[in-house]
Amino acid sequence: MSAVEVAGVTKVFETRTDTVRALDEVSLTVADGEFVALIGPSGCGKSTLMRLIADLDEPSEGEVRVFGMPARTARLERAYGIAFQQAGLLPWRTVRANVELPLELHGASAAARRARADELVELVGLGDFADHHPDQLSGGMQQRVAIARSLAEHPRLLLMDEPFGALDEMTRERLQGELLRIRTETGAAVVFVTHSIPEAVFLADRVVVMSPRPGRITEIVDIDRPDATADAESMRESDAFFRSVTAVREALHGGGAAAESAATHGASTRGVETR
Amino acid sequence: MTDTATRQLALGQAGGRKAARRHWSEHGWVRFTAPAVLGAAALGLWEAAVHLLDIQPYLLPAPSAILDQLVTAIGGIAQATLATGTNALIGLLLGAVVAVVTAALASRLRWIDQLVAPLVAAIAVVPIVALAPVLQTMYGATSEMPRILVVAIASFVPVFITTLRGLRQVRPVHLDLMRAYGASGWQATRIVTLPGAVPYVFGGLTIASSIAVISAVVAEYFGGLQNGLGSRIASAAAQSGYPRAWAYVVASIVLGLVFYGVTLLAERLASRWAHIPIT
């Protein structure tokens, strides 16, 4: 069974003066255990698409199914874990209590919560900081806590909206490596929104390239992944990695008439980092 | 990041906080000495003016005469301060609890918000103390209730307004998280919204603490039990005991400062304990 099925989804945002087609007839399937990155310039609807999968917004047309369930049912069944660009930790709770939050909301016992939280805090390398508060942590450490929290209920699907977007490049690369390790350990499918090409290529099995006005999928690039045992450094420096980066970049800049016309308006690559 | 590196990072930040506190305490003596010197100078000038210009006590008694009364009547002053302070405290807590609960309901249920908003506006503009004689008649002259109710109603308004504002300042990412977890509205209120509003509640309490003492003292001018500061000020003045009246005024100033100071201290403690920034 596929983790996510998006079929002919359109999302229109209506403001008082304007209607914006954030997504136009988008279809996408994410297999169980697959890592899919959504990339595109600002306004291409990549975050909107993730929010529809999470049932944080509802599609205007079309259907979203998660593990065969309607998105709303999947949300209420806690089928996914989620992380955003802002860690969104509760400042008055310790690291451990933040990680426990989803379990607490769903009525897990105090002992079970604590055991799971300790395990996760260890998994993201913050074992010494379980009793610290978020204001005592760096941005990267806060984001690790958010990732630990998203894993609390053993989700088979992780939804991540630019979780490393606000971090410096070194912290970002380190957390990317950790995310891959965690994902290998949990075997969860991941939908990962980003505007960084190297990040998408490093992490994903498939990179979904999107274009704005209206938001569409222009191309899907399969990433030639080296075997899972290769270390991050050699992976980032491999020829295959650079070939994939080039492929995604060309898809972003050249792909499709929609992107072409947007480019003439001088806006096609705004918000996309090619470094 | 290695464990030692992350630990150093966290320690570095904690060290920064400690340094900030040291910096504060180095200048602490200026912060406390300067106002004390100014106050002493003002009192000295006052004392000199009363004697040199021969100002009559009914106009302005000398600080030494007021101090004299404070010392001789300290037992009665303490009793009156305790009576008024107890009323102010009970009224403040009652008003604050009702305000926070009402604000929580109003932020969750639109119809309650619409129901309460005009009522609060009305309470805010009516001079609450003017209700004292009415309540005095309702409850009889031997009840503490009228004064407590006046204080509660007066304290309610600032706490309600600031708390409601705080409850509406929820970060979108927290709302998204609560929805993603399928949290009920009341779970979201309890876990995210109410704790986030705590600094605002304290902001309202700081204002309400002074109002509580003022309204407790002033409510006593309108009859009822004669055991508090307000009635003692009135009766001392009526008997031409001006320095004594002033001694009771000093006591009510001290009471007001204690209320204000304790609220500020509670805010500091809450923010340090709960890691909520003071707004």
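The UniProt annotation "domain: ABC transmembrane type-1", from an unreviewed entry, covers residues 77-266 of chain B. UniProt positions follow the numbering used here, feature names are shortened, and annotations may be inferred rather than shown by experiment. The model is predicted, so local features need pLDDT of at least 70 and side-chain atom pairs count only at pLDDT 80 or more, while totals for chains, interfaces and linings use all residues. Residues are numbered from 1 along each chain as its sequence is written, and chains are lettered from A and ligands numbered from 1 in the order in which they are written.

**Chain B**

For "transmembrane region", the unreviewed UniProt entry lists several spans of chain B, including residues 115-136 and 200-225. Here are those two beside the annotated domain; helices (H or I, at least four residues) and strands (E, at least two) are DSSP runs, numbered from the N terminus.

| Span of chain B | Helix | Strand | End C-alpha separation |
|---|---|---|---|
| Residues 77-266 | 83% | 0% | 26 Å |
| Residues 115-136 | 73% | 0% | 28 Å |
| Residues 200-225 | 77% | 0% | 35 Å |

Helix 5 (residues 110-125) of chain B reaches 23 Å from its first C-alpha to its last, close to the 22 Å expected for 16 residues; the expected span is 1.5 Å times one less than the number of residues. This helix bends by about 30 degrees at B:Val116, with B:Pro118 following within four residues. The bend is the angle between axes fitted to the seven residues ending at a position and the seven starting there. Helix 5 of chain B is hardly covered, with 0 buried residues among its 16. Buried means 20 or more other C-beta atoms within 10 Å of a residue's own, exposed 12 or fewer, and partly exposed in between, with C-beta atoms placed from the backbone.

**Chain A**

Turning to chain A, we find an open sheet of 6 strands with mixed pairing in the order 6-7-8-3-9-10. Its edge strands, strand 6 (80-83) and strand 10 (216-222) of chain A, each pair on one side only. Two strands pair if DSSP finds at least two bridges between them. Strand 7 (residues 157-161) and strand 8 (residues 189-194) of chain A pair in the parallel sense over 5 bridges, and A:Leu159 stands opposite A:Val191 in strand 8 of chain A.

Helix 9 of chain A packs on the sheet, touching strand 3 (35-39), strand 9 (206-211) and strand 10 of chain A. Contact requires C-beta atoms, placed from the backbone, within 7 Å. A:Arg249 belongs to helix 9 (residues 239-254) of chain A, and this residue counts as partly exposed because it has 18 C-beta neighbours inside 10 Å.

Key
Contact = placed C-beta atoms within 7 Å. Axes fitted to C-alpha atoms, helices over the stretch in contact; angles between N-to-C directions.
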